[in-house]
Amino acid sequence: VAAACAGTLAAHPVQKPLTKNVIAGFSGFPASVTKIQTKSFKDGLSAKGVAVLEVNRNNQMIVRHGVTTDMSSLVTREISIIRARDRLFDSIQVGMDSTDLIGTPITIDTPLLVKGAMIGILERAVQEGTILSYDSLGVRQQPLPNGDPSIIEVKFRYEPAVPLNYILISFSLNLANGTVDVTTSSADDSTSLPAPILPDSLG
């Protein structure tokens, strides 16, 4: 099952989560496992960073919630955000290496050349869906006395593609006597997590 999950994840774009993916080739669990898979038991596993599988209403084996072992925040618990961050990191390394700027003399145009290369890398990441957007792109040559003039420093922020984990539906029943009963329901029965606050960047 773990190998099948890894294969499913590898076959998808990096921004696509593992949550609710069907794991082909498996029809269910043994009875000894099924009887302990209560909602509270699965909630407890998910809260500890275990990717839980279950059988859905169509008798398909699916991933209940694809999480990582670091549940401290949204940007660390969702494997798709981690994969997209790693893909962006690799793209920046490969893209900057291909410019052949390292090892050339720094001139007045060098920061502009670095910025142009960086814009090209980030725009391609947006087109591929690796990230949704970016902003605050800044490029500068580190000054003396506290900096190293041989270093061109680049900083930016980006918005990751956050996976959809819950759909909350509210509806009301308008009775003849005028009373209204409001009910809130969730389309996903995975473990409830507090609303995270995204940092300015993922580091």
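From the N terminus on, the elements of the chain follow the order α-α-α-β-β-α-α-α-β-β-β-β. In this predicted model, the secondary structure thus listed comes to six helices and six strands. Of the 203 residues of the chain, 30% count as buried.

Salt bridges offer a convenient way into the fold. Side chains of opposite charge can pair when their charged atoms come close. The count of such pairs here comes to nine salt bridges, and three of them are described below.

One of these pairs sits within a helix. Asp-43 and Lys-39 form a salt bridge in which the closest N and O atoms are 2.9 Å apart. Both belong to helix H3, which covers residues 39–47, and because they are four residues apart there, about one helical turn separates them. The two partners fall into separate accessibility classes: Asp-43 has a relative accessibility of 18% and therefore counts as buried, while Lys-39, with a relative accessible area of 46%, is partly exposed. The cut-off that matters for Asp-43 is 20%, since buried means under that value.

A second pair brings two strands into the picture. Arg-64 forms a salt bridge with Glu-54, with 3.5 Å between the closest N and O atoms. This pair links distant parts of the chain, with Arg-64 in strand S2 (residues 61–65) and Glu-54 in strand S1 (residues 52–55), ten residues apart. Here both partners are on the buried side of the cut-off: Arg-64 is buried because its relative accessible area is 0%, and Glu-54 is buried with a relative accessible area of 8%. The two pairs described so far also belong together, as salt bridges that share partners join Lys-39, Lys-42, Asp-43, Glu-54 and Arg-64 into one network.

The third pair involves strands further along the chain. Glu-153 and Arg-140 meet through their side chains in a salt bridge, at 2.8 Å from N to O. Glu-153 lies in strand S4 and Arg-140 in strand S3 (residues 133–141), so this salt bridge ties together parts that are 13 residues apart in sequence. Glu-153 counts as partly exposed because its relative accessibility is 21%, and Arg-140, at a relative accessible area of 45%, is partly exposed as well.

Strand S4 also takes part in the largest pocket, which holds about 360 Å³ of space. Of the 17 residues that line this pocket, Met-96, Leu-101, Ile-102, Val-114 and Ile-152 are the closest to its centre. At least two lining residues each are supplied by helix H5 (79–98), helix H6 (110–128) and strand S4 (152–159). Helix H5 gives the largest share of the lining, with four residues. In chemical character, the lining is made up of ten nonpolar, six polar and one charged residues.

Helix H5 also contains Ile-79, a residue that counts as partly exposed because its relative accessibility is 23%. The C-alpha atom of Ile-79 is separated by 7.7 Å from that of Leu-18, although the two residues are 61 residues apart along the chain.

Nonpolar side chains appear on the surface too. Leu-164, Ile-167, Ile-169 and Phe-171 make a nonpolar surface patch of about 420 Å². Among these residues, Ile-169 has its place in strand S5 (residues 168–174) and counts as partly exposed because its relative accessibility is 45%.

A few backbone details complete the description, and they may be handy to check before the model is put to use. The peptide bond from Leu-144 to Pro-145 is cis, with omega near 5°. Pro-145 is placed in the loop between S3 and S4, the two strands that carry Arg-140 and Glu-153. Strand S3 also holds Ser-136, where phi is near 55°, a positive value in a residue other than glycine. A positive phi, of about 70°, is likewise found at Lys-20, which is not a glycine. Lys-20 belongs to the loop between helix H1 (2–11) and helix H2 (31–34), and with a relative accessible area of 38% this lysine is partly exposed.

Key:
Residues are numbered from 1 along each chain as its sequence is written. This is a predicted model: local features need pLDDT of at least 70, side-chain atom pairs count only at pLDDT 80 or more; totals for chains, interfaces and linings use all residues. Side-chain values use heavy atoms; hydrogens and water are left out. On a 1 Å grid over the protein atoms alone, a cavity is a set of points where a 1.4 Å probe fits but cannot get out, and a pocket is an open set with protein on both sides within 12 Å along at least five of seven lines; lining residues have an atom within 4 Å of a point. Grid points are joined across faces, edges and corners, and a volume is the space filled by probe spheres set on the points. Ala, Val, Leu, Ile, Met, Phe, Trp, Tyr, Cys and Pro count as nonpolar, Asp, Glu, Lys and Arg as charged, and the others, Gly among them, as polar. Patches are made of residues with over 30% relative accessible area and no salt bridge: like charges are joined within 9 Å, nonpolar side chains (Val, Leu, Ile, Met, Phe, Trp, Tyr) within 5 Å. Accessible areas come from the Shrake-Rupley method with a 1.4 Å probe; for residues, only the protein chains shown count as cover. A salt bridge is a side-chain nitrogen of Lys or Arg within 4 Å of a carboxyl oxygen of Asp or Glu. Buried means under 20% relative accessible area, exposed over 50%, partly exposed in between (1.4 Å probe, protein chains only).
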